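Hi there,

Here is the structure I promised to pass on. Please have a look at it first, and then read my notes below.

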Amino acid sequence: MKHLILPLLLICASYLHSSAQSENPKYDKALADSLGADKYGMKMYYLVILKTGSNQVTDKEKMTELFKGHMDNINKLVKDGKMVIAGPLGKNDKQYRGIFVLNAKTKEEVDVMLQGDAAIKEKVFDVEIFPWYGSAALPKYLEFHEKVEQTKP
């Protein structure tokens, strides 16, 4: 009898767990597949934290040129469907300056994307890169951003 209790408990726990999960009536398989979503509507991305780099550029023209290259790369990555989120961070004691969330399959792919950024290439920014699991629907917010952006940077 003792030998039957553990398997019976495992079967009951498995049934309760599977019955606790339910199918989403709003699920759109074609959309989920097009975004690379797993069964939870999530996928892997790469989170890039931009930090103050070792190159302290003091020449204003050079800094303007580097930031133009920085913004050009961001815009290129958005156009290519690789940049999901980008933005500066407020002042902090860690010298973190901004973040990117990149739609990439490998860290090597991220490294190539970041080499197109003049401010990173010239060490105005250093980077920390982490795999990050988030909603596969994140890229869809970009479709609405232009509708709320009164002035382009």
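Let me begin with the contacts: among those in the protein with a separation of 6 or more, 72% are between residues 24 or more positions apart. Please keep in mind that this is a predicted model.

The secondary structure comes to six helices and four strands, and along the sequence they follow the pattern α-α-β-α-β-β-α-α-β-α. The protein has 153 residues, of which 24% count as buried. Its accessible surface comes to about 11,400 Å², and carbon and sulfur atoms hold 60% of that.

Now for the aromatic rings. A search of the whole structure turned up two aromatic pairs. In one of them, the ring centres of Tyr45 and Trp132 are 5.9 Å apart and the planes stand at 40 degrees, so this pair is tilted; tilted covers the angles that are neither under 30 degrees nor over 60. Distant parts of the chain are linked here, since Tyr45 belongs to strand S1 (residues 42-52) and Trp132 to strand S4 (residues 125-135), 87 residues apart. How buried or exposed are the two partners? Tyr45 has a relative accessibility of 0% and therefore counts as buried, while Trp132, at 32%, counts as partly exposed.

The other pair is made by Phe67 and Phe125, with ring centres 5.7 Å apart and planes at 85 degrees, so it is edge-to-face. Phe67 lies in helix H3 (residues 60-79) and Phe125 in strand S4, so the pair ties together parts that are 58 residues apart in sequence. Phe67 is partly exposed at 28% relative accessibility, whereas Phe125 is buried, with a relative accessible area of 4%.

Phe125 also turns up around a histidine that you may like to look at. His70 is placed in helix H3, and because its relative accessibility is 7%, which is under the 20% limit, His70 counts as buried. Neighbours within four places in sequence aside, His70 is in contact with Leu50, Phe100, Asp117, Ala118, Ala119 and Phe125.

Tyr45 has a further neighbour worth showing you, Asn103. Asn103 sits in the loop between strand S3 (96-102) and helix H4 (107-115). Its side chain makes a polar contact with the side chain of Lys43, at 2.7 Å. Not counting residues up to four places away in sequence, Asn103 touches Lys43, Tyr45, Gly81, Lys82, Val84, Glu109 and Met113.

On the surface, Tyr40, Met44 and Tyr133 make a nonpolar patch of about 340 Å². Tyr40 is in the loop between helix H2 (29-35) and S1. At 54% relative accessibility, Tyr40 is over the 50% limit and so counts as exposed.

One more tyrosine before I stop: Tyr27, in the loop between helix H1 (2-20) and H2. Its relative accessibility is 47%, so Tyr27 counts as partly exposed. Tyr27 and Lys39 are twelve residues apart in sequence, and their C-alpha atoms are 10.0 Å apart in space.

Enjoy looking through it, and do write back with any questions.

Best wishes

Methods: Residues are numbered from 1 along each chain as its sequence is written. This is a predicted model: local features need pLDDT of at least 70, side-chain atom pairs count only at pLDDT 80 or more; totals for chains, interfaces and linings use all residues. Side-chain values use heavy atoms; hydrogens and water are left out. Rings of Phe, Tyr and Trp (its six-membered ring) pair if their centres lie within 6.5 Å; planes under 30 degrees apart count as stacked, over 60 as edge-to-face and the rest as tilted. Helices (H or I, at least four residues) and strands (E, at least two) are DSSP runs, numbered from the N terminus. Buried means under 20% relative accessible area, exposed over 50%, partly exposed in between (1.4 Å probe, protein chains only). A polar contact is a pair of N or O atoms within 3.5 Å; within protein, one must be able to donate a hydrogen and the other to accept it, and residues adjacent in sequence count only if both atoms are side-chain atoms. Contact means heavy atoms within 4.5 Å. Patches are made of residues with over 30% relative accessible area and no salt bridge: like charges are joined within 9 Å, nonpolar side chains (Val, Leu, Ile, Met, Phe, Trp, Tyr) within 5 Å. Accessible areas come from the Shrake-Rupley method with a 1.4 Å probe; for residues, only the protein chains shown count as cover. A salt bridge is a side-chain nitrogen of Lys or Arg within 4 Å of a carboxyl oxygen of Asp or Glu.
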